[in-house]
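This briefing introduces one protein model to a reader who is new to structural description. Please keep the sequence and the structure in view while reading.

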Amino acid sequence: VHSQFIENRTECSRVVTMLNMAVGCDVEFLDLEFSQEEEWEMFSLPICIFHCGSLKSLTINMHCLNLKFPSALRFSNLQSLSLKFWLVDECFGESVSCCKFLRELWLENVCGIENLTIENSNLERFSILYSYHPELCHLNISGQKLNEINVEWRFKSPLSKSVKISAP
């Protein structure tokens with residue numbers, strides 16, 4: 001499933017209907033890309049995507065920083081999660097930590113969080129790429145199976161910034 005542009009309410013409704021149909025058809029791989037213009041109304045992904053039992057890989061590129069990732073979600077079988085240009089909160093790390101089958105996590109220009117802690121024993125690959133987001137101060141990643149870690153984090157001053165990685 002791939003969507004590039006949502007222009008108005010009718011278009012939003014069609015995208016939500018399409019996503020509900022994909023979930024109903026037991027989608028395993030979902031790759032969404034949205035663009036936004038200033039006159040858009042706020043768009044939210046249907047919650048059924050986050051509770052879809054068949055979903056193994058989810059990639060969402062928002063091309064904007066005004067949509068918030070729902071808090072305290074528990075993906076049942078998700079193995080790969082990639083978020084680009086999302087707004088998250090302090091519960092995000094806890095939600096990802098509870099994903100029992102998550103093997104890879106890619107975060108690119110995800111903002112809105114000061115402390116990101118992810119502890120997931122099954123996580124094998126972790127990437128975080130930040131151009132410049134001053135609110136991220138502390139990054140803590142822990143995983144017994146982590147064998148690939150990519151951190152690209154730019155900031156103006158190293159004061160009050162920390163990275164802690166616990167991996168084999």
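In which strand does Val 163 lie? Val 163 belongs to strand 9. The structure is a predicted model, and its chain contains 2 helices and 9 strands. The points below treat the overall layout, the confidence of the prediction, the interior, the salt bridges and the surface.

**Overall layout**

- Along the sequence, the helices (α) and strands (β) of the protein chain are ordered α-β-β-β-α-β-β-β-β-β-β.
- The protein chain has 168 residues, of which 42% count as buried.
- If one takes the contacts between residues at least 6 apart in sequence, 40% of them join residues at least 24 apart.
- About 8800 Å² of the protein chain is exposed, and carbon and sulfur atoms supply 50% of that area.

**Confidence of the prediction**

- The average pLDDT of the protein chain is 81, and 80% of the residues score at least 70.
- Among the elements of the chain, strand 4 (residues 104–108) has the highest mean pLDDT, 94, whereas helix 1 has the lowest, 84.
- Over residues 1–7 the pLDDT stays under 50, and the model has 27 contacts beyond four places in sequence for this stretch.
- Where pLDDT is low, the predicted coordinates should not be read in detail.

**The nonpolar core and its surroundings**

- The largest nonpolar core has 42 residues, and Ile 49, Leu 58 and Phe 126 are the residues with the most contacts inside it.
- Helix 1 (residues 9–24) gives the largest share of this core, namely 4 residues.
- Beyond four places in sequence, Leu 58 touches Leu 30, Ile 49, Phe 50, Phe 75, Leu 78, Ser 80, Leu 81 and Ser 82.
- Ser 80, one of the residues that Leu 58 touches, is placed in strand 3 (residues 80–84).
- Is Ser 80 buried or exposed? Ser 80 is buried, because its relative accessible area of 13% falls under the 20% limit for that class.
- Apart from neighbours within four places in sequence, Ser 80 is in contact with Lys 56, Ser 57, Leu 58, Leu 102 and Glu 104.
- Ile 141 is part of strand 7 (residues 138–142) and is buried, with a relative accessible area of 3%.
- Leaving out residues up to four places away in sequence, Ile 141 touches Ile 118, Phe 126, Leu 146, Lys 164, Ile 165 and Ser 166.
- Ile 141 and Ala 167 are 26 residues apart in sequence, and their C-alpha atoms are 8.2 Å apart in space.

**Salt bridges**

- How many salt bridges does the structure hold? The structure holds 4 salt bridges.
- One of them pairs Arg 103 with Glu 124, with the closest N and O atoms 3.9 Å apart. Arg 103 lies in the loop between helix 2 (92–97) and strand 4, and Glu 124 in the loop between strand 5 (115–119) and strand 6 (125–130), so the pair ties together parts that are 21 residues apart in sequence.
- Both residues of this pair count as partly exposed: the relative accessibility of Arg 103 is 26%, and Glu 124 has a relative accessible area of 21%.
- Glu 104 forms a salt bridge with Arg 125, and the closest N and O atoms are 2.8 Å apart. This pair links distant parts of the chain, for Glu 104 is in strand 4 and Arg 125 is in strand 6, 21 residues apart.
- Glu 104 counts as partly exposed at 30% relative accessibility, and Arg 125 counts as partly exposed at 28%.
- Arg 125 also forms a salt bridge with Glu 124, where the closest N and O atoms are 3.6 Å apart. Through shared partners, salt bridges join Arg 103, Glu 104, Glu 124 and Arg 125 into one network.

**A nonpolar patch on the surface**

- Which residues make the nonpolar surface patch of about 290 Å²? The patch is made by Ile 149, Val 151, Val 163 and Ile 165.
- Strand 8 (148–153) and strand 9 (162–166) are the elements that give two or more residues to this patch.
- Val 163, one of the patch residues, counts as partly exposed because its relative accessibility is 47%, a value between the limits of 20% and 50%.

Definitions and conventions: Residues are numbered from 1 along each chain as its sequence is written. This is a predicted model: local features need pLDDT of at least 70, side-chain atom pairs count only at pLDDT 80 or more; totals for chains, interfaces and linings use all residues. Side-chain values use heavy atoms; hydrogens and water are left out. Patches are made of residues with over 30% relative accessible area and no salt bridge: like charges are joined within 9 Å, nonpolar side chains (Val, Leu, Ile, Met, Phe, Trp, Tyr) within 5 Å. Accessible areas come from the Shrake-Rupley method with a 1.4 Å probe; for residues, only the protein chains shown count as cover. A salt bridge is a side-chain nitrogen of Lys or Arg within 4 Å of a carboxyl oxygen of Asp or Glu. Buried means under 20% relative accessible area, exposed over 50%, partly exposed in between (1.4 Å probe, protein chains only). A nonpolar core is a set of buried Ala, Val, Leu, Ile, Met, Phe, Trp, Tyr and Cys residues joined through side-chain atoms within 4.5 Å. Contact means heavy atoms within 4.5 Å. pLDDT is the predictor's confidence in each residue, from 0 to 100.
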